[in-house]
Amino acid sequence: MTSRYRSSEGSQGLNSPSPRRRTVVKAAAATAVLAGPLAAALPARAATDAPAFLHGVASGDPLPDGILLWTRVTPTSAAIPGSGVGPDTEVSWTVAKDKAFTTIVSKGSLTATAASDHTVKADIRGLEPATDYWFRFSAGGTDSPVARTRTAPAANAAVAGLRFGVVTCANWEAGYFSSYRHLAARGDLDAWLHLGDYIYEYKSGEYAARGTVVRPHSPANEIITLADYRTRHGKYKTDPDLQALHHKAPVVAIWDDHEFADNAWSGGAVNHTEGAEGTWTARQAAAKQAYFEWMPVRPAIEGTTYRRLRFGKLADLSLLDLRSFRSQQASTASGTVDDPNRTITGRAQLDWLKAGLKASDTTWRLVGNSVMIAPFVIGSLTADLLKPLAKLLDLPQDGIGVNTDQWDGYTDDRRELLAHLRSNAIGNTVFLTGDIHMSWANDVPVDAGTYPLSASAATEFVITSVTSDNLDDIVKVPEGTVSAIAAPLIQIANRHVHWVDTDRHGYGVLDITADRAQMDYYVLSDRTNANATSSWARSYRTRTGTQKVERTYDPV
C-alpha cells in the first residue's frame with residue numbers, strides 16, 4: 001500500500017434516548033450532575049482552556065483492511081462528559097506505519113459536538129492486513145497520546161497463531177484496574193476482548209470491595225439518564241491502566257447487564273424501578289447511546305453488539321448481545337426455564353449464530369458470550385455456601401437449582417444451539433465468557449445429566465472479574481478459603497467442569513494455533529492496591545477435534 005493520504009468518515013454513535021433497579025432512587029438523585037464535583041474528578045488540565053484529550057484514545061473491531069478509531073476531546077473546561085455543553089470542535093486524525101509518524105498512510109478530520117458528548121469515531125479503511133499501525137488525534141494545536149493498533153489478517157490468510165487478552169467485570173469502586181496494566185505491558189496482543197460489564201451503574205457505595213469503596217466513581221448517584229451514563233463512561237476512561245491498554249491494542253467489546261442495569265432483559269431489569277426511575281425504554285436507549293459514543297465498537301445491526309469478525313483461516317469470532325432481546329429471567333418456583341417461548345438471544349440472533357457457525361470455514365469458531373453457557377447445578381452446595389453464592393448471582397437465598405440469568409435460565413435456546421453443533425458436526429467451537437466473577441474451564445455437554453457418557457458439543461473458558469466481588473469477598477474470608485471448599489462440591493455436581501476458582505480476580509490470555517486453543521489464567525495480588533502484581537494461576541486448552549478441555553502445565 002502506498003503512503004498517500006486517505007480520508008474516512010467517522011460515525012458519531014447511535015442517537016437514541018434510555019432506563020433501571022432494586023431499591024427506589026429518588027428522582028432528584030437521577031438528574032445529571034454538572035460541573036463542580038465532576039470537574040474535580042477529571043485529570044488536571046492547563047489553565048489556558050485549550051482543547052484536551054483527557055480520556056485517551058482507543059481502537060477496536062479490527063478488519064483486514066481497517067480499524068475503528070475513537071477519542072473524546074474536551075474543548076473547554078466546562079465541556080465535561082455529560083454536561084451537554086461546549087463548542088463544535090474540529091478533530092483531525094492521523095494513521096502511520098511507524099510511531100514517529102514518518103510514513104503517514106491515512107488522515108482526515110471530524111467534528112466533535114455536544115450532541116455526541118464530544119466523542120468521535122473514524123472508521124478507517126484501505127489499510128494492510130495483519131499490520132501494526134500508530135495513530136493520534138489533534139484539536140486546536142493539541143495532540144492526543146499516540147497509540148498502537150493492529151489490523152486483522154486477510155480473510156484467506158494462513159495464520160500461525162493469534163493472541164488475545166480477555167477481561168470482564170471491572171467495577172471502579174471495588175479496586176484498581178491492574179489487569180489492564182499487566183495486559184498492556186505484554187506487547188504481544190493482536191487484540192483484547194472485553195466480555196461485558198465495562199462499567200457499573202450503581203450509586204456510590206452500593207457495590208464496592210467487600211462493602212468498602214476503594215475509589216469513588218462519578219456521578220455519585222445511580223446512573224439513569226443519558227448525562228449519567230456519559231459521565232460514568234467518562235470517569236472510567238480516565239483510569240490510567242485502562243487508557244494504557246487502549247493505547248497498546250484494539251479492543252473487541254460486547255456489553256452485559258451493568259452497562260444498563262443489573263440483570264437487564266429486553267423489557268426491564270432487576271435494578272430498575274419503572275416510574276420512579278423513568279421508563280425502561282428511555283433508560284435502555286440512553287445507556288446504548290452512551291455506550292456507542294464512548295466505545296470503539298462498530299455495531300453490525302443498529303442498537304446491538306452482535307457481529308462477527310474474522311482472523312484469517314485460523315478463527316472467526318461471533319460476538320453476542322444477550323441483553324437486548326432476552327425474555328425476563330424465569331422464576332424457578334414457576335418452573336419456566338425450559339419454556340420454548342422464552343429466549344436469551346432472540347430468534348434472529350440465534351438463527352444468525354447458527355448460520356455463521358455452520359458456514360464457517362476457519363479452524364476455530366470463537367463465541368464472545370457474556371454469561372455462562374455450560375450448565376451449573378447450584379443446589380447441591382451446602383447452605384453456608386449456597387447463600388453467599390445466591391447473593392453474588394442475585395438469586396433467592398433460600399435454595400435454588402440454577403442461575404436463571406445464564407443460559408441455564410433459557411434451556412431451549414441452549415438445546416437448539418448445541419443440537420445444531422452436533423447434528424452438523426461443527427467442531428472446535430469455544431465459548432469465551434464473563435459475568436460470573438469466577439474462573440472456569442468447562443466442557444459444554446449436550447446432556448449434562450448423562451455426562452460424560454453423552455457428548456460434549458463445545459468448550460468454554462470463563463474469565464473472573466477484574467475487580468468485582470467474587471465468592472470469598474461476599475463471605476468476607478481470606479482469598480482461597482471458599483474455593484478450597486466450594487470447587488470440589490461444584491465439580492462433583494457438574495462433571496463437565498474441569499476447574500473452577502471462586503475467589504480470585506484477574507484476566508486471561510487466549511492463544512490459538514491450528515492444533516489447540518489455550519487459556520492462561522492470571523490472578524492479581526490485591527485488587528485494592530494500585531500497584532498489584534500479577535501471577536499465572538493455571539492453563540487449560542482444547543485440542544482440535546476433541547470438544548473437550550484438558551489441563552496444561554505451562555502458559556504460552
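**Core packing around Tyr180 and the environment of Arg527**

In the predicted model, Tyr180 is in contact (heavy atoms within 4.5 Å) with Val167, Ala170, Trp192, His194, Asp241, Leu242, Leu245 and Val466, neighbours within four places in sequence being left aside. Residues are numbered from 1 along each chain as its sequence is written, and side-chain values use heavy atoms, without hydrogens or water. Because the model is predicted, local features require pLDDT of at least 70 and side-chain atom pairs pLDDT 80 or more, whereas totals for chains, interfaces and linings use all residues.

The largest nonpolar core (buried Ala, Val, Leu, Ile, Met, Phe, Trp, Tyr and Cys residues joined through side-chain atoms within 4.5 Å) comprises 41 residues, of which Phe177, Tyr180 and Trp192 touch the most other members. Elements giving two or more residues to this core include helix 2 (178-186), helix 3 (226-236), helix 5 (280-294) and strand 22 (516-524); helices (H or I, at least four residues) and strands (E, at least two) are DSSP runs numbered from the N terminus. Helix 5 contributes the most, with 6 residues. A second, separate core of 38 residues includes Leu350, Ile373, Trp440 and Val497.

In helix 2, Ser178, Ser179, Tyr180, His182, Leu183 and Ala184 are buried (under 20% relative accessible area, 1.4 Å probe, protein chains only). These residues pack against strand 9 (162-167), strand 10 (191-194), helix 4, strand 21, strand 22 and strand 23 (534-543). Just after helix 2, Gly187 adopts a positive phi of about 75°.

Arg527 is located in the loop between strand 22 and strand 23 and is buried, with a relative accessible area of 6%. Residues touched by Arg527, beyond those up to four places away in sequence, include Asp469, Asp473 and His505.

Notes:
Buried means under 20% relative accessible area, exposed over 50%, partly exposed in between (1.4 Å probe, protein chains only).
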